[in-house]
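The following exercises concern strand pairing, sheet order and pockets. Please work through each task before reading its solution.

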Amino acid sequence: MKKLLVGSLLTALALAGCGSDNGGAGEEESSTLKVGASNVPHAIILEEAKPLLEEQGIELEIETYQDYILPNQDLESGEIDANYFQHIPYLESQKKEFGYDFENAGAIHIEPIGVYSQKYASLEELPEGATILMSNSVADHGRILSLLEAKGLIKLAEGVDKTVAEVKDIVENPKNLEFDANYEAALMVQLYESGEGDALLINSNYAIDAGLNPLEDAIALEDSESPYANVIAVNAGDEDNENVKALVETLKSKEIQDFILEEWGGSVVPVE
């Protein structure tokens, strides 16, 4: 009887030791990494990286999102281990606004923002008093205004931090452009397709997801030197997690960088 009891106890302990551990990124022994991402291009890039991570013993789970709010909320709550959808200025603005204790684990790619118009084929054709539609994402306003300044349409105040510039920071506006920033970023493609405004700015992930080609359909495009790199964001401390580091290294590998360039032909640009 004593031998039977000891045998049963050993069997139970052995079975308990075989249980899978699907904890958060902070648990180094976990072989599962759950990452939240926008559908395009982020989730597509992650899908390409999946088999490469599997070779390293890491199971990548991808949770897709249609907005820019929930991925950070879910990261903070532990619903996901990391997210991949936002550029650095947006991440910093979210940390400041909501007190998130997040870290940038690595920059992966840039999605140049573009100017689109159903009415005009170039920025030069925009008439006096043209209406420019922008998303209500304040974190993108500085980026948009910097693009318009680089193209010679406006001039921003000397010394202003261009990543946080606002319409009120415009000091020269030769064409007296009117700016309307009352729309959700995800709706900009619909506004473009319905011919709203004289021109509007669309983030490349939304443009590509809707079947637009930023290189062909935009009348002006941010250059590849943009500081708005999309990053892997994690809770503070998890940037040193082995699974997270493996994810970033894989996404920055030549195989994934070549895939990005081939898949989107320059509309999405990998960060070295």
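**Exercise 1.** Determine how strand 4 and strand 12 run and how many bridges join them.

*Solution.* In this predicted model, strand 4 (residues 102–110) and strand 12 (residues 229–235) run antiparallel and are joined by 7 bridges. Within this pairing, isoleucine 232 of strand 12 stands opposite glycine 106. Strand 4 also pairs with strand 13 (residues 269–270), in the antiparallel sense and over 2 bridges. There, proline 270 of strand 13 is the bridge partner of histidine 109.

**Exercise 2.** Establish the order of the 5 strands in the open sheet, then identify the helix that packs on it.

*Solution.* The order is 9-6-10-5-11, with mixed pairing. Strand 9 (178–183) and strand 11 (220–221) are the edge strands, each pairing on one side only. Strand 11 pairs with strand 5 (residues 114–116) in the antiparallel sense over 2 bridges, and alanine 220 in strand 11 is the bridge partner of valine 115. Helix 5 (residues 138–150) packs on the sheet and touches strands 5, 6, 9, 10 and 11. The direction of helix 5 makes about 145° with that of strand 6 (131–135).

**Exercise 3.** Describe the largest pocket and the second largest pocket by volume and lining.

*Solution.* The largest pocket holds about 570 Å³ of space. Its lining has 22 residues, and the closest to the centre are Tyr90, Ser93, Ser137, Val138 and Ala139. Helix 4 gives the most to this lining, with 8 residues. By class, the lining has 11 nonpolar, 6 polar and 5 charged residues.

The second largest pocket holds about 180 Å³. Helix 5 provides the largest share of its lining, 4 residues.

Note on methods: Residues numbered from 1 in each chain as written. Predicted model: local features only at pLDDT ≥ 70, side-chain atom pairs only at ≥ 80, totals over all residues. Heavy atoms only, no water. Pairing = 2+ DSSP bridges. Contact = heavy atoms within 4.5 Å. Axes fitted to C-alpha atoms, helices over the stretch in contact; angles between N-to-C directions. 1 Å grid on protein atoms, 1.4 Å probe; cavity = no way out; pocket = protein on both sides within 12 Å on 5 of 7 lines; lining within 4 Å. Points joined across faces, edges and corners; volume = space filled by probe spheres on them. Nonpolar A, V, L, I, M, F, W, Y, C, P; charged D, E, K, R; others polar.
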